[in-house]
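User: Could you take a close look at one part of this protein for me, the place where two helices pack against each other, and then set it in its surroundings? I would enjoy a connected account.

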Amino acid sequence: MTISSSESSVDSKSCLSKLSPLQAVLFDVDGTLCDTDPLHYYAFREMLQEINFNGGVPITEEFFIENIAGKHNEKIAPFLFPDDVQRGLKFLDDKEAMFRRLASQQITPINGLYKLKKWIEDRGFKRAAVTNAPRPNAELMISALGLSDFFEAVIVGDECEQAKPHPEPYLKALDVLKVSKDHTVIFEDSFSGITAGVAAGMPVVGLSTRNPENLLMEAKPTLLIKDYEDPKLWAALEELDKKGGVETATN
């Protein structure tokens, strides 16, 4: 069952109950822990304009969402630089450095993140971050948010055979945490990430942080929310608690 953010919380209550007892929670990083897409978009727009990409016409936010957001750099490089992929990879290294400079001063958590963090910690669930971001980016964001001690593992697409939208990073997280896909939930904000989670056989809660709701729904999330304060999320988590997910998850 897939519930959009426009549907009632009554309909969404039972959408995660099959996970009981919940064992683990997996989070994407960019756009899921913090709203970083505007920083990525700014860095791409400015740096591509500097090298006269698209005749010097700045890329639009729509172009960024459709072709760049949520994708791994090894996919972005040949798209932006089809005639010189190595140049593309070097450009992306420089872009990531610019992003880190911006992010070090401008990281803010998604609304309600720390409320969900406490809910997870109070119940002793295992947790990992699973991201296509380069490890320096991921670790910077996680540290800036004060979550370095929260995550037991950080799984990076670069360090897997295949990055998202392939399911491997999420399957690797299950292996590292030693938990079952039948008792694990994923939080994601991109089409690519939701696709990866669904392919890995887990329910995915999608966040419509920046990406269009209709695009995210095409990837078939179990639940789509605005942020971590969304009543639909808490209705579903309350129902999960009632199913016994709290008492047995830490056994």
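Analyst: Happy to; what follows starts with one helix pair and then moves out to the domains, another helix and some backbone details. Please keep in mind that this is a predicted model.

The pair is α4, residues 73–80, and α5, residues 85–106. Two packed helices are described by the angle between their axes and the distance between the axes. Here the axes come within 8 Å and cross at roughly 120°, which means that α4 is oblique to α5. As for the hand of the crossing, it is right-handed. On the α4 side, the residues that take part are Asn73, Glu74, Ile76, Ala77 and Pro78, and they meet Val85, Gly88, Leu89, Leu92 and Glu96 of α5. Sorted by class, this contact holds 6 nonpolar, 2 polar and 2 charged residues.

Now for the wider setting. The domain assignment gives domain 2 as 37–106, while domain 1 is made of 17–33 together with 110–249. Between the C-alpha centres of the two domains there are 25 Å, and their contact takes 18 residues from domain 1 and 14 residues from domain 2.

Helix α9 (residues 191–199) is worth a visit too: its buried residues are Ser192, Gly193, Ile194, Ala196 and Gly197. Their cover includes the helices α8 and α10 as well as the strands β4 and β5. After α9 comes Gly201, with a positive phi near 90°.

One of the helices in that cover, α10 (213–218), contains Met217. With a relative accessible area of 23%, Met217 is partly exposed, because the buried class ends under 20%. From Met217 to Ile51 the C-alpha distance is 35 Å, with their positions 166 residues apart in sequence.

The backbone has some further points to enjoy. Most residues other than glycine have a negative phi, and most peptide bonds are trans. Lys220, in the loop between α10 and β6, has a positive phi of about 65° without being a glycine; this lysine is exposed, at 58% relative accessibility. Asn52, likewise not a glycine, has a positive phi near 65° and sits in the loop between α2 and α3. As for cis peptide bonds, one joins Ser20 and Pro21, with omega about 0°, and Pro21 lies in the loop between α1 and β1. Another joins Lys164 and Pro165, with omega about 20°; Pro165 is placed in the loop between β3 and α8.

Definitions and conventions. Residues are numbered from 1 along each chain as its sequence is written. This is a predicted model: local features need pLDDT of at least 70, side-chain atom pairs count only at pLDDT 80 or more; totals for chains, interfaces and linings use all residues. Side-chain values use heavy atoms; hydrogens and water are left out. Buried means under 20% relative accessible area, exposed over 50%, partly exposed in between (1.4 Å probe, protein chains only). Helices (H or I, at least four residues) and strands (E, at least two) are DSSP runs, numbered from the N terminus. Contact means heavy atoms within 4.5 Å. Axes are lines fitted to C-alpha atoms, for helices over the stretch in contact, and angles run from 0 to 180 degrees between N-to-C directions. Angles under 35 degrees count as roughly parallel, over 145 as roughly antiparallel, 65 to 115 as roughly perpendicular and the rest as oblique. A crossing is left-handed if the near helix is turned anticlockwise from the far one by less than a right angle, and right-handed if clockwise. Ala, Val, Leu, Ile, Met, Phe, Trp, Tyr, Cys and Pro count as nonpolar, Asp, Glu, Lys and Arg as charged, and the others, Gly among them, as polar. Domain bounds come from an automatic or database domain assignment.
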